Amino acid sequence: NNKKVLIRMDYNIPIQGNKIIDSFRIDSSLKTIQYCLDRDCKIILMSHLGRPEGVDSCYSLEIVADYIDSIFKNHKVYFSPDCISESAFKISGNLRSKEIHVLENLRFYKQEKDCDLDFSQDLSRHGEIFVNDAFGTAHRSHASNVGVARFFGVKSYGFLMADELKY
């Protein structure tokens, strides 16, 4: 209740131009987000999109933030164009209960795939609790799912991950 929850999602979705072609992966994550909202949490969402070689606006998660905003109309949704900038940390630090912060594409940083310890620690600054709900990437030793978990005493997995484990 009333905690900052950093959630690793799998929002690697098909996009064409400025349009989401298939929102299934986002829609599958909504139960975990709603659970946190119902407990007055401050939610920080992180994911990757595609396989960019550095920063590439074609792979921006801003379109995902807009989609999340359209679903959770009664909640403020913020987007940060850099997942580890001081302005991103400031937004996460100033979130109020039931607000959502979507971070920019993790793979804009080489350190994500390298499971860089400093990058992992930077990501951990966004939350007090870590939840992994990205079943599709859970097998990868990346900073956002393996490295970041080292910096949290309280960590868990979300409903999508629980369903996958069940089946």
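Two residues are taken to be in contact when heavy atoms of one lie within 4.5 Å of heavy atoms of the other. In the predicted model described here, among contacts in the protein chain between residues at least 6 apart in sequence, those that join residues at least 24 apart make up 73%.

The protein chain contains 7 helices and 8 strands. Its radius of gyration is 14 Å, close to the 15 Å that the globule rule gives for 167 residues, so the chain is as compact as a globular protein of that length. Taken along the principal axes, the box filled by the C-alpha atoms of the protein chain is roughly 40 × 40 × 35 Å. Of the 167 residues, 50% count as buried, while the area exposed by the protein chain comes to about 8600 Å², with carbon and sulfur atoms supplying 46% of it. The protein chain carries 22 positive and 23 negative charges, and the mean positions of these two sets are 4 Å apart.

In soluble globular proteins, nonpolar side chains tend to be buried together. In the present model, the largest nonpolar core holds 27 residues, of which Tyr11, Ile33, Ile43, Leu45, Ile68 and Ile100 touch the most other members. At least two residues of this core are supplied by each of strand E1 (4-8), helix H1 (24-38), strand E4 (42-46), helix H2 (62-71), strand E6 (100-103) and strand E7 (129-132). When neighbours within four places in sequence are left aside, the contacts of Ile33 are with Met9, Tyr11, Ile43, Leu45, Ile68, Phe72 and Ile100. Another core, of 17 residues, lies apart from the one just described and has Leu6, Cys83, Val148 and Ala149 among its members.

Two charged residues were also examined. Lys3 is located in the segment before E1 and, at 35% relative accessibility, counts as partly exposed. Beyond its neighbours within four places in sequence, Lys3 is in contact with Asp40, Cys41, Lys42, Glu128 and Ile129; in addition, the C-alpha atom of Lys3 is 9.9 Å from that of Lys98, although these residues are 95 residues apart in sequence. Arg51, by contrast, belongs to the loop between E4 and H2, and its relative accessibility of 64% places it above the 50% cut-off, so that Arg51 counts as exposed. With the neighbours of Arg51 within four places in sequence again left aside, its contacts are with Tyr59, Arg107 and Arg140, and a C-alpha separation of 8.7 Å is found between Arg51 and Phe108, which are 57 residues apart along the chain.

How values were computed:
Residues numbered from 1 in each chain as written. Predicted model: local features only at pLDDT ≥ 70, side-chain atom pairs only at ≥ 80, totals over all residues. Heavy atoms only, no water. Helix = DSSP H or I, 4+ residues; strand = E, 2+ residues; numbered from the N terminus. Rg over C-alpha atoms; globule rule 2.2 N^0.38 Å. Buried < 20%, exposed > 50% of the residue type's maximum accessible area, 1.4 Å probe, protein only. Areas by Shrake-Rupley, 256 points an atom, 1.4 Å probe, with all protein chains shown as cover. Lys, Arg positive; Asp, Glu negative; His and termini not counted. Charge placed at Lys NZ, Arg CZ, Asp CG, Glu CD. Core = buried A, V, L, I, M, F, W, Y, C linked by side-chain atoms within 4.5 Å.
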